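Biologist: Hey, can we go through this one together? I'd like to start with the pocket and then look at some helices.

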Amino acid sequence: MSVNTLRCLLPQRIRIVSCRSYSRGFPIPYTKHFNHISVSPYRASYSTTTTTPPKQNNEMAEPTGLIAKSGIELLTFGTPNGFKVSVLLEELKAAYGKEYTYQLINIVKNTQKEPWFTALSPNGRIPAIVDHDNHGFAVFEGLAILSYLTRRYDPEYRFSFPADSDEYSEAEQWMAWQHGGLGPMQGQINHFLSFAKEKIPYAVQRFVGETERLYGVLDARLAGREFVVGDKFSIADMSLIGWANIATLASIDLAMFPNVQRWLGRCLERPAVQKGIAVPAASRFTNAALAAAREADPELKKKAEETARFVNEAKEKYGYKYASP
């Protein structure tokens with residue numbers, strides 16, 4: 001997705017652990033920062049110094065390199081693609097005590113295009129991780145990160161499956177389905193519905209319709225099942241949580257998909273999930289947050305109703321009829 005598509009996901013409050021940055025008006029705990037020396041593709045090196053914390057100001061300092069020496073370092077932003085990794089890291093921390101550090105990569109300011117970051121993530125997109133316990137090995141793309149982390153740090157297969165099992169292949173399939181289908185299609189709705197200078201009815205009904213179709217596929221999969229693959233919460237579920245949790249933003253009514261709605265509720269009850277979707281900060285665009293905001297603010301409610309009318313008129317204009325698969 002483009003930066004403009006994700007701009008709506010910028011959190012109101014930003015909190016970064018173990019970082020020398022300060023957010024707008026909100027102090028961030030200062031510990032130590034690491035002077036970045038060099039980054040070669042997929043490996044990183046650094047040296048450390050302790051300094052006096054900078055004075056708080058209205059401009060948040062941008063990250064300029066890695067800050068950790070051990071564990072996993074997550075470079076992320078408050079988007080569905082970022083949340084899938086932070087949720088897994090929180091689950092691994094709860095299950096195995098695996099520590100991690102994170103830095104906020106502000107995609108609105110194009111921090112992800114800085115040379116130090118693209119040396120780690122060549123596509124210039126979040127999320128990315130650096131495994132300081134594996135000689136500074138870097139991994140980019142959410143699907144690849146989920147696979148890497150569970151291969152190395154989930155020996156008991158609490159959130160993954162043995163490579164020789166059918167469930168391993170099933171998880172790969174559903175993660176690929178999200179990576180190539182649901183995520184991109186729902187992201188396009190956000191762009192054309194909220195950020196395109198011109199509201200294009202055809203584009204809106206096209207991507208709303210395709211996203212509804214995909215949620216129909218997921219709803220069918222979840223019929224009679226607690227989770228997407230096997231009988232446990234796994235990385236297949238984690239890859240989807242962030243998107244389902246902001247479906248309202250894309251004018252997708254999850255009431256159309258009761259199995260998805262119940263599944264999402266189960267996932268959101270997990271303490272590690274709750275922590276993970278608050279890294280680097282809780283989104284104000286979740287389904288629950290938007291519902292509460294619209295209920296409290298008549299203007300927001302009016303705008304939501306106008307958007308719904310526009311979407312329905314676009315569907316009617318081009319003869320859209322829901323069908324899945």
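Modeller: Sure, and keep in mind that this is a predicted model. The largest pocket has 34 residues lining it, and those nearest its centre are Thr 248, Leu 249, Leu 290, Arg 294 and Ala 304.

Biologist: Okay, and how much space lies in the largest pocket?

Modeller: About 920 Å³.

Biologist: Which elements give two or more residues to the lining?

Modeller: Those are helices H5 (166-195), H8 (258-268), H10 (287-296) and H11 (298-317). H11 gives the largest share of the lining, with nine residues.

Biologist: And what's the lining like by class?

Modeller: You get 19 nonpolar residues, eight polar ones and seven charged ones.

Biologist: Cool. Switching topic: at what angle do H2 and H7 pack?

Modeller: Helix H2 (residues 80-96) packs with helix H7 (residues 235-244) at about 135°, and their axes are 7 Å apart.

Biologist: So what do we call that, oblique or roughly antiparallel?

Modeller: Oblique, because roughly antiparallel needs an angle over 145 degrees.

Biologist: Is the crossing left-handed or right-handed?

Modeller: H2 passes H7 in a right-handed crossing.

Biologist: Which residues make the contact?

Modeller: From H2, you have Pro 80, Asn 81, Lys 84, Val 87, Leu 88 and Glu 91. H7 brings in Ile 235, Met 238, Ser 239, Gly 242 and Trp 243.

Biologist: How many of those are nonpolar, polar or charged?

Modeller: In the contact of H2 with H7, six residues are nonpolar, three are polar and two are charged.

Note on methods:
Residues are numbered from 1 along each chain as its sequence is written. This is a predicted model: local features need pLDDT of at least 70, side-chain atom pairs count only at pLDDT 80 or more; totals for chains, interfaces and linings use all residues. Side-chain values use heavy atoms; hydrogens and water are left out. Axes are lines fitted to C-alpha atoms, for helices over the stretch in contact, and angles run from 0 to 180 degrees between N-to-C directions. Helices (H or I, at least four residues) and strands (E, at least two) are DSSP runs, numbered from the N terminus. Angles under 35 degrees count as roughly parallel, over 145 as roughly antiparallel, 65 to 115 as roughly perpendicular and the rest as oblique. A crossing is left-handed if the near helix is turned anticlockwise from the far one by less than a right angle, and right-handed if clockwise. Contact means heavy atoms within 4.5 Å. Ala, Val, Leu, Ile, Met, Phe, Trp, Tyr, Cys and Pro count as nonpolar, Asp, Glu, Lys and Arg as charged, and the others, Gly among them, as polar. On a 1 Å grid over the protein atoms alone, a cavity is a set of points where a 1.4 Å probe fits but cannot get out, and a pocket is an open set with protein on both sides within 12 Å along at least five of seven lines; lining residues have an atom within 4 Å of a point. Grid points are joined across faces, edges and corners, and a volume is the space filled by probe spheres set on the points.
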